[in-house]
Amino acid sequence: MQNDLPADAELLEVVKLIVKSNYTVILTGAGVSTESGIPDFRGVNGIWTKDKESEEYAYHLYELFLKNPKTYWEAILDSDSRYGKFYKILRNAKPNKAHFIMSSMEKEGFVKSVITQNVDGLHRKAGSKNVIEYHGSIDKLKCINCGAKYFWNEVNFDKLPPLCRCGNALKDDVVHFTEPIDEDIIENSINEMRKAELVFVCGTSTVVYPFAALPRIAKYKKRPAVVVEINLSKTVLTEDGISDFLLCGMVGTVLSDIYKQLKKISNYHQLKDTSINS
Ligand code: OAD
């Protein structure tokens, strides 16, 4: 950890690393969307920090779908129910400056991909192209029997649960606790970590596995990536010495500062000639 440096100097170090890195990946969690009005889960104002029962409820959602898909769907479509309320917030949310800056950094070649735990689809809405939605997205429905995926407007909701062409009940394409994650998603994410020279970990408590293993994979490989956390506070990654930098603050604000400095650096090509490990 290099946080013996003053905050401004640390930020500048990180900006230089972005310029030098040939492969930068951003990992994101609920903290990236709090500035869009979506509460996180375990933060100070997190849904589960305030209401322990709703965490318990979340642990049983997949089981509920398997046992009674009709009741599951009634909960989603009822904006007064616990799950329905959350869905309504997600559906109405708009990308914030953190999402837009990440998307600009991808367009400008500073970032290769974003891997997000968020199901709100806001990275795609902000224009990011290479996005892995690790826990799925509310924008689609999936059949856990045949794997088919649908957009909401392709599905008939007259009778619940909505059905797949194969006859099985459709589920929203969101991964709940105990629900399997697509093999491709796991594999592609690990590959991104293998290639990464620089990994940002933004607005996540990194306690939910297998996603939480990603920064550790990047750190423990033969040529370790530099890991930079952006968070309001320390996390288990900071405590375990996985992160090389912790930039403390709102992710939108910290990224704006980084992006401004990135634009200011004029000797970009000169820096690029030196490797990230030099
Ligand atoms: P958490 O709620 O666990 O963590 C959010 C983190 O973001 C905390 O460490 C906060 O300090 C930080 N944070 C909040 N607002 C921030 C801001 N504006 N700027 C910087 N940091 C901020 O959310 P996740 O780590 O994303 O999974 O949770 C992981 C998974 O747990 C979720 O994807 C969800 C949940 O179970 C499923 O639903 C399967």
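Biologist: Which residue has a polar side-chain atom 3.0 Å from a nitrogen atom of the ligand?

Modeller: That's E35. Keep in mind that we're looking at a predicted model here.

Biologist: OK. What about oxygen atoms of the ligand, which side chain has a polar atom 2.6 Å from one of those?

Modeller: T204 does, through a polar atom of its side chain. Q117 also sits by a ligand oxygen, but there the partner is a backbone N or O atom, at 3.4 Å.

Biologist: How much of the ligand's accessible area does the protein cover?

Modeller: It covers 92% of the 790 Å² that the ligand has on its own.

Biologist: And how many residues surround the ligand?

Modeller: There are 25 of them, and the closest are F41, R42, T204, S205 and N231. So T204 turns up again: you just met its side chain by a ligand oxygen, at 2.6 Å.

Biologist: How does that shell divide into nonpolar, polar and charged residues?

Modeller: You get 13 polar residues, nine nonpolar and three charged.

Biologist: Let's switch to the inside of the protein. How many residues does the largest nonpolar core have?

Modeller: That core has 31 residues. Inside it, I18, F200, I230 and I258 have the most contacts.

Biologist: Which helices and strands each supply at least two residues of it?

Modeller: For helices, look at α1 (7-20), α7 (97-107) and α12 (251-264). For strands, look at β7 (198-202), β8 (226-231) and β9 (245-248).

Biologist: Take I18. What is it in contact with, leaving aside neighbours within four places in sequence?

Modeller: I18 is in contact with M105, F110, L198, F200, I258 and L262. Two of those names, F200 and I258, are also on the list of core residues with the most contacts.

Biologist: What else is there in the way of cores?

Modeller: There's a second, separate core of 23 residues, and F86, Y87, L141 and A169 are among them.

Biologist: I clicked on L90. Where is it found?

Modeller: L90 is in helix α6, which runs over residues 82-92.

Biologist: Is L90 buried or exposed?

Modeller: Buried, because its relative accessible area is 3% and the cut-off for buried is under 20%.

Biologist: What does L90 touch, not counting residues up to four places away in sequence?

Modeller: L90 touches I38, V119, D120 and I138. If you follow the last one, I138 is in strand β4, residues 136-143. I138 counts as buried too, because its relative accessibility is 1%.

Biologist: And which residues is I138 in contact with, again leaving aside neighbours within four places?

Modeller: Y87, L90, R91, V119, W152 and V174. V119 is worth a click, since you'll find V119 among the residues that L90 touches as well.

Biologist: New topic: loops. Where is N118?

Modeller: N118 is in the loop between β2 (113-116) and α8 (122-125). At 6% relative accessibility, N118 counts as buried.

Biologist: What lies 3.0 Å from a polar atom of the side chain of N118?

Modeller: The backbone nitrogen of A30. A30 is also one of the residues in contact with N118, along with T28, G29, V32, S33 and G136.

Biologist: Which peptide bonds are cis?

Modeller: I can point you to two. The bond from L160 to P161 is cis, with omega near -5°, and P161 is in the loop between β5 (149-151) and β6 (170-174). The bond from Y209 to P210 is cis as well, with omega near 10°, and P210 is in the loop between β7 and α10 (214-220).

Biologist: What about phi, which residues other than glycine have a positive value?

Modeller: T178 is one of them, with phi near 75°. T206 also has a positive phi, near 45°.

Biologist: Where are those two?

Modeller: T178 is in the loop between β6 and α9 (183-195). T206 is in the loop between β7 and α10, where P210 is found too.

Biologist: Is T178 buried or exposed, and how about T206?

Modeller: T178 counts as exposed, because its relative accessibility is 68% and exposed means over 50%. T206 counts as buried, at 3%.

Key: Residues numbered from 1 in each chain as written. Predicted model: local features only at pLDDT ≥ 70, side-chain atom pairs only at ≥ 80, totals over all residues. Heavy atoms only, no water. Near = heavy atom within 4 Å. Polar contact = N/O pair within 3.5 Å; in protein donor to acceptor, adjacent residues only side chain to side chain. Areas by Shrake-Rupley, 256 points an atom, 1.4 Å probe, with all protein chains shown as cover. Nonpolar A, V, L, I, M, F, W, Y, C, P; charged D, E, K, R; others polar. Core = buried A, V, L, I, M, F, W, Y, C linked by side-chain atoms within 4.5 Å. Buried < 20%, exposed > 50% of the residue type's maximum accessible area, 1.4 Å probe, protein only. Helix = DSSP H or I, 4+ residues; strand = E, 2+ residues; numbered from the N terminus. Contact = heavy atoms within 4.5 Å.
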